[in-house]
Amino acid sequence: MMKKIFEDNKEPLFGRATAKINLMPFLPSVCKEVLSDYNPQYTSEDLLCLYMLSGGVARYVSLLMESGSTTKQKMIEYVTGITSPFLIDGKDILVSEMGKDYGVYFSILALISRGMTSQSEIDSVILKKYRCIFSKSL
């Protein structure tokens with residue numbers, strides 16, 4: 001979104017940025033250093049889990065380490081906890097990416113989490129639930 005606001009010549013803030021920072025995720029070697037600072041006895045599974053869950057994003061690495069989640073089990077518990085910032089961020093990203101019809105996408109994800117994985121199963125439930133939305137768009 002920031003890229004669009006400042007780099008799209010049709011936007012009012014185009015050309016007004018005075019500086020630009022391209023943040024890149026940490027390399028696995030940096031995650032290894034950070035993890036070893038918090039847990040000198042870490043395992044290769046702990047490191048893999050840290051990188052898999054954070055993607056090397058500094059904020060996520062920081063959240064995990066500062067919460068004391070320095071082992072694979074603790075990281076998984078933290079990330080899947082009811083108040084997890086990881087879940088909140090995921091929801092916010094889905095809402096912003098999917099627009100006003102994000103409810104349909106959340107319904108599909110909920111069905112998949114309940115074991116409905118075939119398109120015909122998902123279609124039958126979604127079409128019943130959202131018939132009015134789809135009939136307006138057709």
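Begin by selecting helix 2 and helix 3: in this predicted model, helix 2 passes helix 3 in a right-handed crossing. Helix 2 covers residues 28-38 and helix 3 covers residues 44-54; the two pack at an angle of about 120 degrees, and their axes are 10 Å apart. Helix 2 is therefore oblique to helix 3.

Next, display the side chains at this crossing. On the helix 2 side, select P28, C31, K32 and L35; these meet D46, L47, L50 and Y51 of helix 3. The residues of this contact between helix 2 and helix 3 comprise six nonpolar, no polar and two charged.

**From helix 3 to helix 5**

Keep helix 3 in view and add helix 5, residues 72-80. The axes of helix 3 and helix 5 come within 8 Å and cross at roughly 25 degrees. An angle under 35 degrees counts as roughly parallel, so helix 3 is roughly parallel to helix 5. To see the contact, select E45, D46, C49, L50 and L53 in helix 3, together with K72, M75, I76 and V79 in helix 5. By class, the residues of the contact of helix 3 with helix 5 are six nonpolar, no polar and three charged.

Two residues of this contact merit a distance label. E45 belongs to helix 3, and its C-alpha lies 6.5 Å from that of K72, although 27 residues separate E45 and K72 in sequence. Is E45 buried, partly exposed or exposed? E45 counts as partly exposed because its relative accessibility is 47%.

**The nonpolar cores**

Now select L35, L50, V61, L64, M65 and M75. These residues have the most contacts inside the largest nonpolar core, which has 14 residues. At least two residues of this core come from each of helix 2, helix 3, helix 4 (58-66) and helix 5. Which helix supplies the largest share of this core? Helix 4 does, with five residues.

Centre the view on M75. With its neighbours within four places in sequence set aside, M75 is in contact with L35, D46, C49, L50, L53, L64, S69 and T70. Then move to a second, separate core, which has five residues, among them L111, I122, I126 and Y130.

**Around helix 4**

Return to helix 4 and select R59, which is found there. R59 is exposed, its relative accessible area being 53%. A distance label from R59 to V95, C-alpha to C-alpha, gives 21 Å, and the two residues are 36 apart in sequence.

Select P85 next; its place is in helix 6. Which residues does P85 contact, leaving aside its neighbours within four places in sequence? P85 is in contact with L63 and Y78. The C-alpha atoms of P85 and L63 are separated by 8.5 Å, and the two residues are 22 apart along the chain. With a relative accessibility of 23%, P85 counts as partly exposed.

**Helix 6 and helix 7**

Extend the selection to helix 6 (residues 85-98) and helix 7 (residues 102-113), which pack at an angle of about 130 degrees with axes 8 Å apart. Helix 6 is accordingly oblique to helix 7. Display K91, L94, V95 and M98 of helix 6, and opposite them Y102, Y105, F106 and L109 of helix 7, which they meet. Seven nonpolar, no polar and one charged residue make up the contact of helix 6 with helix 7.

Finally, select K100 in the loop between helix 6 and helix 7. K100 is exposed, with a relative accessible area of 78%. As a last distance label, join the C-alpha atoms of K100 and K20: these residues are 31 Å apart in space and 80 residues apart in sequence.

Definitions and conventions: Residues numbered from 1 in each chain as written. Predicted model: local features only at pLDDT ≥ 70, side-chain atom pairs only at ≥ 80, totals over all residues. Heavy atoms only, no water. Axes fitted to C-alpha atoms, helices over the stretch in contact; angles between N-to-C directions. Helix = DSSP H or I, 4+ residues; strand = E, 2+ residues; numbered from the N terminus. Parallel < 35°, antiparallel > 145°, perpendicular 65-115°, else oblique. Left-handed = near helix turned anticlockwise from the far one by under 90°. Contact = heavy atoms within 4.5 Å. Nonpolar A, V, L, I, M, F, W, Y, C, P; charged D, E, K, R; others polar. Core = buried A, V, L, I, M, F, W, Y, C linked by side-chain atoms within 4.5 Å. Buried < 20%, exposed > 50% of the residue type's maximum accessible area, 1.4 Å probe, protein only.
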